[in-house]
Amino acid sequence: CRRDNLPLPALRLAADRLISEAAFTALGAGHESAWLNACGYALRPGFGNAADSGRLSRCWSLLRAGPQNARDRQCRDQWLIFWRRVGPGLGSGRQNDLYQRNKKGLFDRLGQASFKADGVEAWRLMASFEHLEVAEKLRLGQALVEHLLSREKGSEAEISNALWCLG
């Protein structure tokens with residue numbers, strides 16, 4: 001059975017086990033990164049099973065503050081990817097909370113869209129949030145369009161990521 005073909009009940013069983021073993025993440029950055037990756041995969045897209053809202057509530061209380069190993073780039077990226085994977089199952093309040101706490105990483109000192117450091121995964125996370133306020137979505141979309149139209153739009157990867165975020 002390929003990973004892409006795992007049935008939802010099997011994925012949610014794995015998610016339940018991972019959530020119950022969340023203390024495992026305290027063993028170090030590698031463990032935390034692997035846990036975030038596996039748990040996010042098992043919970044994606046954050047809905048589809050009657051118990052998913054409870055699972056997301058438990059994850060919210062565990063992970064809302066950010067990764068335990070925040071200095072580790074892979075942990076920061078996996079934390080953002082985790083929330084992107086389950087983001088469709090989050091309500092508008094939680095999506096807005098994550099947006100408010102992570103929007104700083106989306107822009108450089110001049111207020112321009114930035115894909116440096118955590119920017120790529122942060123932008124992808126925000127692009128996955130369907131429940132953000134329309135004004136915020138417009139601000140983000142405008143920043144991406146301006147980035148694409150600028151003379152110094154960046155590398156091919158930055159252009160690709162900006163286009164991915166625009167949909």
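**Helix H2 and the salt bridges around it**

In H2, the buried residues (under 20% relative accessible area, with a 1.4 Å probe and protein chains only) are Glu 32, Ser 33, Trp 35, Leu 36, Cys 39, Gly 40, Tyr 41, Ala 42 and Leu 43. This is a predicted model, where local features need pLDDT of at least 70, side-chain atom pairs count only at pLDDT 80 or more, and totals for chains, interfaces and linings use all residues. Residues are numbered from 1 along each chain as its sequence is written, and side-chain values use heavy atoms, with hydrogens and water left out.

Helix H2 covers residues 29-43. Helices here are DSSP runs of H or I, at least four residues, numbered from the N terminus. What covers the buried residues of H2? The cover includes helix H1 (8-20), helix H3 (52-63) and helix H4 (73-86).

Now look at the charged side chains. A salt bridge is a side-chain nitrogen of Lys or Arg within 4 Å of a carboxyl oxygen of Asp or Glu. By this rule there are ten salt bridges.

One of them joins Arg 58 to Asp 16, with the closest N and O atoms 3.8 Å apart. Arg 58 lies in helix H3 and Asp 16 in helix H1, so the pair ties together parts 42 residues apart in sequence.

Arg 55 and Asp 52 form another, at 2.9 Å between the closest N and O atoms. Both lie in helix H3, three residues apart, about one turn of the helix. Arg 55 is buried, at 6% relative accessible area. Asp 52 is buried too, at 1%.

These four residues belong to a network of salt bridges that links Arg 12, Asp 16, Asp 52, Arg 55 and Arg 58.

Key: Helix = DSSP H or I, 4+ residues; strand = E, 2+ residues; numbered from the N terminus. Expected span 1.5 Å × (residues − 1). Buried < 20%, exposed > 50% of the residue type's maximum accessible area, 1.4 Å probe, protein only. Contact = heavy atoms within 4.5 Å.
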